[in-house]
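Hi,

Here is the structure I promised to pass on. Have a look at it first, then read my notes below.

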Amino acid sequence: MAASRTTASPSTPRSGARLVAANSGWQLVTFAARAVAGLGVVVLVARAGGPRSLGVFQFALMLSSILPFYYGVPPLLAREVARAPEQSRRWIEAGTLVALVAGAGFAGLLVLGTAVSGASAETLAAVQLAAAGMAFDGVARVQFAVFWAWERMHLEAVVTSVQEAAFLAATVAALAAGGGAMEALVAFAASRALGAGLGWLVVGRRLGAVVVPRASLPFLRSTLRRCTSFAVNDTLTLAHSRADAVMLGMIKGPVAVGLHQAGTNLVLYFNVLARSLNHALYPRMSKAWPVRPDQFRRLRDASLRSIGLVAVPIAVGCLLLAPRTFDVLYGPEFDRAVLAYQVLVLVIPLRMLSHTLSISLAAADRQNRRVIGVATVTALNIGLNLYMIPRWSYLGAAVTAVVCETVLMLMYAYFLRRVAGGSRIPRSLVLPLAASVPMAGAVLVTTHQHLLVSVALGSAVYALAVLGLAVLRAPAAGRRPAKALVALVRPAP
């Protein structure tokens with residue numbers, strides 16, 4: 001009976017397009033929960049303690065997130081279980097073992113390194129809490145990877161929503177009681193422990209058996225060998241995206257980190273939209289490669305077109321609304337960071353498009369190409385920041401981020417072109433750019449209105465512009481609005 005639940009339940013067939021759409025929606029719920037809680041906590045800490053308090057909080061999280069606490073397990077596990085669902089239990093038990101050992105080991109190394117570096121007692125305590133939270137989070141993400149492979153992403157959405165609600169509620173309670181950044185980090189660690197425990201319980205229930213962290217020695221060796229390239233990629237990706245905050249903290253102090261992260265957090269959270277789609281497509285892309293390369297390319301191109309329709313208006317809107325956004329969220333203390341945020345807005349479409357290309361490379365078993373790309377850009381990022389931060393502080397870090405994200409996207413596009421043909425990225429951006437012109441006009445006309453009025457009107461104008469352009473470019477037989485919109489996203493067979 002247990003065996004039947006292990007194999008049948010996760011792989012029950014459902015309509016492909018509807019399943020992808022449903023899973024994309026659930027992934028959006030997952031990332032929305034993380035974004036709302038994460039951004040909410042950032043805003044609360046910033047308002048309660050100002051730039052310095054936010055800097056302490058963000059420095060600990062950024063530093064701890066650089067290490068591969070789950071050692072590359074989730075993407076490998078999701079790909080392999082998608083191809084062979086009957087091996088679910090074997091993979092999840094081995095993956096959980098790797099995550100537990102890696103999490104404990106890296107947390108210890110991080111705390112030891114922070115202590116040896118001569119950091120203050122406050123910084124050391126903050127890093128300890130952040131490292132503990134990241135270790136638990138690594139275990140949870142391994143459990144979630146099985147949900148991706150089974151294409152049952154509503155399970156991750158439920159667990160994550162509970163976890164993030166606990167994080168936000170605990171932080172609100174702590175700050176209301178007079179706490180600060182340290183108490184927010186306690187809430188972070190506790191919520192991650194809760195998420196790991198809930199994920200473990202749900203996986204065990206779906207498998208019909210208790211998940212025990214274990215693996216035979218040959219399988220463990222094989223898993224570690226195959227995880228290593230993913231772990232290196234994860235580590236370098238995180239180092240590339242977090243190096244600016246860490247270097248700002250070392251060179252300019254916590255106030256510069258707080259000002260920089262006030263904008264960075266707003267920018268990075270938009271990448272959840274790309275992840276919500278690509279995580280739903282990843283199991284299907286993994287199954288399609290290499291036996292059905294045409295389907296693989298259609299899935300990749302559909303992702304790029306969908307992301308273009310979303311990323312471009314977000315970037316334009318954020319650029320125009322930046323001063324009012326900062327005023328509403330952070331208050332006048334953060335006004336000096338608006339220009340840096342406007343520069344960082346360019347990262348939004350670059351990162352979202354890069355995510356599709358990166359996921360495509362992983363699904364096509366070209367993990368080593370991802371490592372080459374992110375290693376190159378990480379070195380470039382560190383080198384540029386060493387020059388830019390001492391001269392222009394957080395503004396220099398923002399410019400460096402845009403340069404590095406551009407280089408990374410171009411490298412990924414080149415590598416994927418050699419494997420599966422051209423991605424036609426410019427074609428994915430032309431129509432959204434055209435539709436963003438009237439949207440920008442609507443935002444500028446409502447400059448003196450409330451921020452939400454500008455957002456609502458701009459969104460409505462953009463949607464109407466996209467619909468109009470879609471109908472105009474469609475053939476006469478396909479000019480019904482629904483068909484025209486589908487044609488924008490779905491490449492022809």
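A quick definition before anything else: a salt bridge here is a side-chain nitrogen of Lys or Arg within 4 Å of a carboxyl oxygen of Asp or Glu. Side chains of opposite charge can pair when their charged atoms come close. Please keep in mind that this is a predicted model.

With that rule, E405 and R351 make a salt bridge, at 2.9 Å from N to O. E405 sits in helix α14 and R351 in helix α13, so their pairing ties together parts that are 54 residues apart in sequence. Are these two buried or exposed? Both E405 and R351 are buried.

The whole count is 18 salt bridges. Another one joins R192 and E164, with 2.7 Å between N and O. Here R192 belongs to helix α7 and E164 to helix α6 (residues 154–176), so the pair links parts 28 residues apart in sequence. Buried means under 20% relative accessible area, so R192 counts as buried at 6%, and E164 does too at 2%. There is also a network: salt bridges with shared partners connect R34, D137, R141, E164 and R192.

For a contrast in setting, try E122 and R52, whose closest N and O atoms are 3.4 Å apart in their salt bridge. E122 is in helix α5 (residues 121–150) and R52 in helix α2 (residues 16–64), so this pair ties together parts 70 residues apart in sequence. E122 is partly exposed, with a relative accessible area of 33%, and R52 is partly exposed at 44%.

Now for the empty spaces. Rolling a probe the size of a water molecule over the atoms shows where empty space is left. The structure has 2 cavities of 30 Å³ or more, and the second largest has a volume of about 130 Å³. Which residues line that second largest cavity? Among them are H240, D244, T264, L344 and N381, and you'll also meet R351 and E405 again there. The elements giving two or more residues to this lining are α8 (217–251), α9 (254–268), α13 (347–363) and α14 (367–420). By class, the lining has 5 nonpolar, 4 polar and 3 charged residues.

One last thing, on the surface: W200, L201, V210 and V212 form a nonpolar patch, with about 360 Å² of accessible area together. V212 lies in the loop between α7 (181–207) and α8, and at 35% relative accessibility V212 counts as partly exposed.

Cheers

Definitions and conventions. Residues are numbered from 1 along each chain as its sequence is written. This is a predicted model: local features need pLDDT of at least 70, side-chain atom pairs count only at pLDDT 80 or more; totals for chains, interfaces and linings use all residues. Side-chain values use heavy atoms; hydrogens and water are left out. On a 1 Å grid over the protein atoms alone, a cavity is a set of points where a 1.4 Å probe fits but cannot get out, and a pocket is an open set with protein on both sides within 12 Å along at least five of seven lines; lining residues have an atom within 4 Å of a point. Grid points are joined across faces, edges and corners, and a volume is the space filled by probe spheres set on the points. Helices (H or I, at least four residues) and strands (E, at least two) are DSSP runs, numbered from the N terminus. Ala, Val, Leu, Ile, Met, Phe, Trp, Tyr, Cys and Pro count as nonpolar, Asp, Glu, Lys and Arg as charged, and the others, Gly among them, as polar. Patches are made of residues with over 30% relative accessible area and no salt bridge: like charges are joined within 9 Å, nonpolar side chains (Val, Leu, Ile, Met, Phe, Trp, Tyr) within 5 Å. Accessible areas come from the Shrake-Rupley method with a 1.4 Å probe; for residues, only the protein chains shown count as cover. Buried means under 20% relative accessible area, exposed over 50%, partly exposed in between (1.4 Å probe, protein chains only).
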